[in-house]
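The exercises below ask you to read a protein model from its sheet outwards to its helices and its core. Try each task with the structure open before you turn to the worked solution.

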Amino acid sequence: MPAFVPHTDDSPVAPSSDTRRGRLTVKTLPVQFVRSAVAPTDLPRDLVPQLALVGRSNVGKSTLINAITGSRVARTSAAAGKTRELNLYTVEYGHRQLRRLFLVDLPGYGYARGGDASAEMFAGLTSMYFGRPAPGTTSPGDGAGFGPTGALLIVDARHPGLAQDLHAWAWLSTQALAVAVVAAKIDKLSRTERVRSLRVWETSLNAPVTPVSAATGEGLESLWTLIVSLLSRSPSPELPDRTPPSHSSNSRRPTRPDPTAGGRTPS
Ligand SMILES: Nc1nc2c(ncn2[C@@H]2O[C@H](COP(=O)(O)OP(=O)(O)OP(=O)(O)O)[C@@H](O)[C@H]2O)c(=O)[nH]1
Ligand SMILES: [Mg+2]
């Protein structure tokens, strides 16, 4: 699988692909699986930034981790609903502002065949993880680890404006995090379809969308630039409440994504 190779010096991220010949230089970044997390005590306690990958089941989150690291470290599957815990990976990047990061692969939402159990598993893990303080914002003080520094919402370039994705974006946008949207599987669209799809995505989310393909490597260098920018933003010194509310709560805290929220669920 082609991967973007980031520069390891202090210069801004620069293309490593030989675009004149349409080829990508494939090189593996130092990346390791750390552990699967299901509880706060499984989360990292060091001050390394954490980037969460959020998106519908089967949208290509795990594949994207492999593509941007030039590895096969993350388990992928053509069948939806395979990832059932938070999988933590550590990556050495080598940029002046970002020498190391955690990539956190979340289970996908919207796995219809998983039923209530799958939806509850997703909601429970998400609220556990996003309820934790980001590295450097405060000391957890409870023997547990840190939560995300930033998050990428991964959407499918072919299915713009899905209600579940809009719902997830609305929720993510209320979090005290640097967040951005990435449209995956762009290789499945023609040039004309891409333009149309990205326009609909950006309008419906009211946010810029970075198109990528793990299959061809398109957009991966822009994605690394985006990641550096997201994770280099200093976290807010005042830690807002990032805990999703319970159903009985009337407070103005953000609500968690509802994996069963409307919309069709294409594969
Ligand atoms: N053509 C194409 N296929 C892709 C791309 N990214 C992922 N896929 C395929 O999409 C399927 C799902 O990919 P995964 O990475 O396992 O998806 P996921 O989001 O991690 O899924 P869950 O773990 O179930 O939430 C696999 O068959 C991948 O090969 C892409 O950029 N282009
Ligand atoms: Mg996965």
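**Exercise 1. Determine in which sense β6 and β7 pair, and over how many bridges.**

Solution. In this predicted model, β6 and β7 run parallel to each other where they pair, and the pairing extends over 3 bridges. To find the register, look along β7 for valine 209, which stands opposite valine 181.

Next, place this pair in the whole sheet, which is open and holds 7 strands in the order β1-β3-β4-β2-β5-β6-β7, with mixed pairing. β7 and β1 (31-37) are the edge strands, and each has a single partner, so one side of each is left without a neighbour in the sheet. From one strand to the next, the twist averages 30°.

Finally, compare this spatial order with the order along the chain, where the elements follow one another as β-β-α-β-β-α-β-α-β-α-β-α from the N terminus; this gives 5 helices and 7 strands.

**Exercise 2. Work out which strands α3 and α4 lie across, and at what angles they run to β5 and β7, respectively.**

Solution. Begin with α3, which lies across β2 (50-55), β5 and β6 and runs at about 170° to β5. Then turn to α4, which lies across β5, β6 and β7, its direction making an angle of about 155° with β7.

**Exercise 3. Identify the buried residues of α4 and state what they pack against.**

Solution. First check the geometry of the helix: α4 (residues 191-205) has 15 residues, which at 1.5 Å a residue should span 21 Å, and the end C-alpha atoms are indeed 21 Å apart, so the expected and computed values agree.

The buried residues of α4 are Ser197, Trp201 and Leu205. Because these three cover an arc of only 50° around the axis, they sit on the same side of α4. Their packing partners are β5, α3 (163-172), β6 (178-184) and β7 (209-211).

The face turned away from this buried side carries exposed residues, namely Arg191, Thr192, Val195, Arg199 and Thr203. Just after the helix, asparagine 206 adopts a positive phi of about 55°.

**Exercise 4. Decide whether alanine 151 is buried or exposed, and list the residues it touches beyond its sequence neighbours.**

Solution. Locate alanine 151 in strand β5, which covers residues 150-156. The cut-off for a buried residue is 20 or more other C-beta atoms within 10 Å; alanine 151 has 25 of them, so it is buried.

Leaving out residues up to four places away in sequence, alanine 151 touches Ala52, Val54, Leu172, Leu177 and Val179. As a further distance to check, alanine 151 and valine 104 lie 47 residues apart in sequence, while their C-alpha atoms are 9.1 Å apart in space.

**Exercise 5. Find which residues of the largest nonpolar core touch the most other members, and which helix gives the most to this core.**

Solution. The largest nonpolar core has 58 residues, among which Leu53, Val54, Leu153 and Ile154 touch the most other members. Helix α5 (residues 220-232) gives the most to this core, contributing 7 residues.

Now follow one of these residues outwards: beyond its neighbours within four places in sequence, isoleucine 154 is in contact with residues including Leu53, Val54, Val59, Leu64, Val182 and Ala184.

To set this in the context of the protein, note that 45% of its 267 residues are buried. Of the contacts with a separation of 6 or more, 72% join residues 24 or more positions apart.

Technical notes:
Residues are numbered from 1 along each chain as its sequence is written. Chains are lettered from A and ligands numbered from 1 in the order in which they are written. This is a predicted model: local features need pLDDT of at least 70, side-chain atom pairs count only at pLDDT 80 or more; totals for chains, interfaces and linings use all residues. Helices (H or I, at least four residues) and strands (E, at least two) are DSSP runs, numbered from the N terminus. A residue is buried if 20 or more other C-beta atoms lie within 10 Å of its own, exposed if 12 or fewer, and partly exposed in between; C-beta atoms are placed from the backbone. Two residues are in contact if their C-beta atoms, placed from the backbone, lie within 7 Å. The expected span of a helix is 1.5 Å times one less than its number of residues. The arc is that of the directions from the helix axis to the C-beta atoms. A nonpolar core is a set of buried Ala, Val, Leu, Ile, Met, Phe, Trp, Tyr and Cys residues joined through C-beta atoms within 7 Å. Two strands pair if DSSP finds at least two bridges between them. Axes are lines fitted to C-alpha atoms, for helices over the stretch in contact, and angles run from 0 to 180 degrees between N-to-C directions.
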